[in-house]
Amino acid sequence: MATTVRRTVLTLPAAPVGPPNPLPALRPLDRLHTVDERTRRELPRDMARQIGYGALRTVLPVRLLDGYGRERTPTGLDAVVIENGRLRATVLPGLGGRIHSLHHKPSGRELLYRNPVLQPAAFALNGAWFSGGIEWNIGATGHSTLSCAPLHAAVVPAPDGGEMVRLWEWERLRDLPFQVDLWLPADSDFLRVGVRIRNPHERAVPVYWWSNIAVEEHPRTRVLAPADEAWHYGYERSLRRIPVPDYRDADRTYPLRGEYPADYFYEVPAAARKWITSLDEHGRGLVQTSTDALRGRKLFAWGAGRGGRRWQQWLTEPGTAGYAEIQAGLARTQLEHVKLEAGAELSWLEAYGPLAADAGTVHGDNWAAALAEVEGRLERALPRAGVDAAYGEWLTAADTEPVRELATGSGWGALEVLRSGVKLPGTPFGESTLGEEQGPWRELLTTGALPRPRRVVPPGPSLTAPAWRDMLETAPADPLTEYHLGVAQWQADDRAQAVRSWERGLALAPSRWPLLRCLAVADQEGGHPERAAERWLEAFTDLCQERRDDGDSWTAATAALGREAVEALLAVGRTADARTVWAGLLPAVQRRGRFQLLHARLLLAEGNRDEARAVFGRGFEVADLREGSEVLGEVWAELSDEPLPDAYEYRMRPHAER
């Protein structure tokens, strides 16, 4: 069977991602994946340098996605199928280009963990993310902001004369275009994946990439990579070198033999072939290998404890198989960013396919023998020299222009191409993709001024890159321009100037709440919580007076601003004002799980302990609970001396249970 590429619709029970949060993401990122300075001093010099390089303060200019719930309905998702006589890959271009399924026909086996539902959860840098399949993480430490975003997709000629699927987008955290080419030769058991990241700027840029593969997890699942040591990172936020496979009296290459979630970054020797595999009790499973540029390999295990098991249920459906993640990245750990020089590019080739090895050797006590068995089987199935040769062949097609469109991504790349005039062979960002969000910025580019809004709506997204900040500084200083300029200055860490811009805008603004909210964040970050709370209260009052309807954008703005205001007011003991804000929220918003938790905190602050306990008793689900968050346990501890009920157990580190 010749390789074919076709479009289809995949129907899954899905919870809608919901509208973006209209409030600019001014507050610092959750510093979940960090190490302290003392730990960093003990690391290898190159690792310590890369851990200290390129950390983000915020996810600007990207907007947060936190408007989803837990109600799932059958939903049609646009998909692209790449298929030959041996392998079938199903890709979701509208959801970050995720490979949802990789089916091996001769054995009838699904090689990935294929999530039976689409349930957003707060794991991406900007919120919404979902588990399963193979995802492409670019930008900064964490799951990509493109996890639930559309990518451009098209058919291009493959190196062997067949068809290849190209995915591409403009990654906005680092302002970098990238592409992912999916190529399945006609007689192959292995899907080839060519990746290229280009830096069109006149400055070096921090780069991050990890390909994340979800695989089914069973008691006898073993993950192998060519390493005798690993860097262990747990949610107690420590990074330490440990032996592989045994650590603290357990073989950690079996994902279920640890109690708590943890990362294991394998110390793969520089000269070794780069690969990682997950094999079941029969020695069968998926293997991923690559050219040497993709040096890192990792196992993420949820562990066998209550928190990890609860997260597994949360991300899929109770009763389905759990999963572990095997990953491949540009650095040894995900705490690092690498430097991409001005005008340079990074590229590599990955391959994904089935592997069958001798089960007795794979699961035996001799780790070296197990590695040799896997590497020998891999070499016979897909020689290392063959991967290197395929990479060279793919490079000859990396600039080839698309011949048939499959899906359309965002218009941000087109806007950047329009602004800079950069030429990017093979990844066209056409002006036809410019949309409503890019419209005001295109007008700024062509006329030197942002257009006045035609109707009263929450402000659109801000752009914060230096070139756009320069244009805002020379544009007519109306309130909307001052608002966007302040956001750009804030992102550049020029906070005093950002405050001055917002204050200038506030003096003339017909719509005051967006500027008041920005000033509230500045006060909070500057150590003035009382003033911040007052500004949040004023902002929420102004929004409620201005709100035109109960449509998506106004509801999202009211919910986001109301939540921030209640939290800020509670922090300074202004319980009555917090109750006033709560009363101003729409009933449908109040019923959301996140707001039920907020209400329990409000009731506690009012001294209504029994009523707060009753909120937990009635049950709620915080749809956007962040990875590593312990807020449910903290609030419960104020209500009861009893153990935290299983329904609220999401804690991911040992000390949380002491």
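A pocket here is an open set of points on a 1 Å grid over the protein atoms alone, with protein on both sides within 12 Å along at least five of seven lines, and its lining residues have an atom within 4 Å of a point. Everything below comes from a predicted model, where local features need pLDDT of at least 70, side-chain atom pairs count only at pLDDT 80 or more, and totals for chains, interfaces and linings use all residues. Residues are numbered from 1 along each chain as its sequence is written, and side-chain values use heavy atoms, with hydrogens and water left out.

**View 1. The second largest pocket and its lining.** Of the 37 lining residues, P453, R455, V457, P458 and G460 lie nearest the centre. Helices 8 (439-447), 10 (479-491), 12 (513-525) and 14 (552-571) each give two or more residues to this lining; helices (H or I, at least four residues) and strands (E, at least two) are DSSP runs, numbered from the N terminus. The pocket holds about 1,400 Å³ of space, taken as the volume filled by probe spheres set on grid points that are joined across faces, edges and corners. By class, the lining splits into 21 nonpolar (Ala, Val, Leu, Ile, Met, Phe, Trp, Tyr, Cys, Pro), 11 charged (Asp, Glu, Lys, Arg) and 5 polar residues (the others, Gly among them).

**View 2. An open sheet of 9 strands.** The strand order is 15-21-22-26-12-11-10-9-27, with antiparallel pairing; two strands pair if DSSP finds at least two bridges between them. Strand 15 (222-224) and strand 27 (404-407) sit at the edges with a single partner strand each, so one side of each has no neighbour in the sheet. From one strand to the next, the twist averages 20°, using lines fitted to C-alpha atoms and angles from 0 to 180 degrees between N-to-C directions. Strands 9 (152-157) and 10 (163-171) share 6 bridges, and A153 has L167 as its bridge partner.

**View 3. Strand 16 and its partners.** Strand 16 (229-234) has 5 of its 6 residues buried (under 20% relative accessible area, 1.4 Å probe, protein chains only), so the rest of the structure largely encloses it. It runs antiparallel to strand 17 (239-243), joined by 5 bridges, with H232 opposite R240. Another 5 bridges join strand 16 to strand 20 (262-266), also antiparallel, and there A230 stands opposite Y266.

**View 4. T90 in strand 3 (87-92).** T90 counts as buried, at 11% relative accessibility. Its contacts (heavy atoms within 4.5 Å), leaving aside neighbours within four places in sequence, are A79, V80, V81, R98, I99, H100 and S101. The C-alpha atoms of T90 and A79 are 6.5 Å apart, with the two positions 11 residues apart along the chain counted as their separation.

Key: On a 1 Å grid over the protein atoms alone, a cavity is a set of points where a 1.4 Å probe fits but cannot get out, and a pocket is an open set with protein on both sides within 12 Å along at least five of seven lines; lining residues have an atom within 4 Å of a point. Buried means under 20% relative accessible area, exposed over 50%, partly exposed in between (1.4 Å probe, protein chains only).
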